[in-house]
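Student: Please take a close look at one part of this model, the packing of its aromatic rings. I should also like to see that part set against the remainder of the chain.

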Amino acid sequence: MNNVPSNVQKKGLKAMNEKDVKKETEKSKITKFLVQTVIYLFLFIIAIIVIFPFYYMIISSLKDLAEYKRSVPTLWPETIHFSNYSKAFETANLGVLFKNTLYVGVVSTVLSLVITVISAFAFARLEFKGKNVLFAGLLATMMIPGELFTITNYITVTKLDWLETYKVLIIPFLVSVFYIYLLKQNFMQIPNELYLAAKVDGTSDLKYLWKVMIPLALPTLISITILKMMGAWNSYVWPRLVANDEAHRMITNGLRNAFTATDGQTDYPVQMAAVAIVSAPLFLVFIFLRKYIMKGVSRSGIKG
């Protein structure tokens, strides 16, 4: 008889516990739903803020000057003017600007990759006196803003008589401490036993670098290539300072005053069309190659 109340009490407690667990589960689901809703709403607002300048650039490139100068801007052109793009290409001489920028970008990227790969391999695998001190000194230069080197670099290239040449656009920026550090960290993830085994087999350092380390570090090398090309494409201050002549002018500098008439009026819709044309390659690079950038950077930050 004494066991009956006890069993009933246990069943009652079990039922209460199940109800409490169910309530807590429902509360956690509601909380999770609210948190996700707030996060997605925040990301949506940020996306609108980021995308709107690009949207405004596109619609402005399709307007005429009169509509563009209205006090109340329109969010869609009343009359679409695709002719602005052909006019922009001819006015700014974009063919020459693209050629100059591609030449500087490709040559500087290839040479920079060679220097970066060899330097990163030396710091990651070779043993020589003063290696750690030298690498620490290189890292210390990353703390100095690049603008501080502008004056000294300008004086140097002036004495070398490099002004208004391709050399002045390529050579001063071939070495990037950040890229060397990034690739070195990736090389450090490759087991050292592979290097020792290769040396036992009589493999040279350059052959081991080409056959083993470069294929394993390919995502990081792709990331460096993309970032270097984008840096050359977006460069503005240095090219404008040292090579602003028509034969060596880069894209960013070519768009600066190409659409300003003699009376001081600027054809902004045509200028927006030119900016859209110039931005398109970078946009496509980001869309199709962003995973390589993220993969290369993430792999370089993990040491295992």
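Tutor: The account below begins with the whole chain, turns to the rings, and then moves outward to other contacts.

The model is a predicted one, in which local features need pLDDT of at least 70 and side-chain atom pairs count only at pLDDT 80 or more, while totals for chains, interfaces and linings use all residues. Residues are numbered from 1 along each chain as its sequence is written, and side-chain values rest on heavy atoms, with hydrogens and water left out.

The protein has 14 helices and zero strands (helices are DSSP runs of H or I with at least four residues, strands runs of E with at least two, numbered from the N terminus). Of its 304 residues, 31% are buried (under 20% relative accessible area; exposed is over 50% and partly exposed lies in between, for a 1.4 Å probe and protein chains only).

Within this helical protein, a search of the whole structure finds 12 aromatic pairs (rings of Phe, Tyr and Trp, the last by its six-membered ring, with centres within 6.5 Å; planes under 30 degrees apart are stacked, over 60 edge-to-face, the rest tilted). One of them joins Phe123 to Phe135, with 5.0 Å between the ring centres and 50 degrees between the planes, a tilted arrangement. Because Phe123 belongs to helix 4 (residues 94-125) and Phe135 to helix 5 (residues 131-141), the pair ties together parts that are 12 residues apart in sequence. Phe123 and Phe135 are both buried. The two rings also belong to an aromatic cluster that includes Phe128 and Tyr181. A charge is found beside this group: the charged end of Lys184 sits over the ring of Phe135, 4.8 Å from the ring centre (the criterion is NZ of Lys or CZ of Arg within 6 Å of the ring centre and within 35 degrees of the ring normal).

Charged contacts can be followed from here. The structure holds four salt bridges (a side-chain nitrogen of Lys or Arg within 4 Å of a carboxyl oxygen of Asp or Glu). One of the four joins Glu127 and Lys131, whose closest N and O atoms are 3.4 Å apart. The partners have contrasting surroundings, since Glu127 is exposed at a relative accessible area of 69%, whereas Lys131 is buried at 11%.

Another salt bridge pairs Glu78 with Arg70, the closest N and O atoms being 2.6 Å apart. Glu78 is exposed, at 55% relative accessibility, and Arg70 is partly exposed, at 39%.

In a further bridge, the side chains of Lys87 and Asp267 meet at 3.3 Å, N to O. This contact links distant parts of the chain, with Lys87 in helix 3 (residues 83-91) and Asp267 in the loop between helix 13 (251-254) and helix 14 (268-300), 180 residues apart. Lys87 is partly exposed, at 43% relative accessibility.

The loop that holds Asp267 also contains Arg256. Arg256 is partly exposed, with a relative accessible area of 44%. Its C-alpha atom is separated by 9.4 Å from that of Ala92, although the two residues are 164 residues apart along the chain. Leu206, in helix 10 (residues 205-216), provides another example: Leu206 and Ile118 are 88 residues apart in sequence, yet 8.8 Å apart in space, C-alpha to C-alpha. Leu206 is exposed, at 63% relative accessible area.

Two loop residues deserve attention for their backbone. Most residues other than glycine have a negative phi. Asn93, in the loop between helix 3 and helix 4, has a positive phi near 55 degrees, and is partly exposed at 42% relative accessibility. Asp161 lies in the loop between helix 6 and helix 7; its phi is likewise positive, near 60 degrees, and at 63% relative accessibility Asp161 counts as exposed.

Helix 11 (residues 218-234) offers a final check on geometry. At 1.5 Å a residue, its 17 residues should span 24 Å, and the end C-alpha atoms are 24 Å apart, so the two values agree (the expected span being 1.5 Å times one less than the number of residues). Among the buried residues of helix 11 are Pro219, Leu221, Ile224, Lys228 and Trp233.
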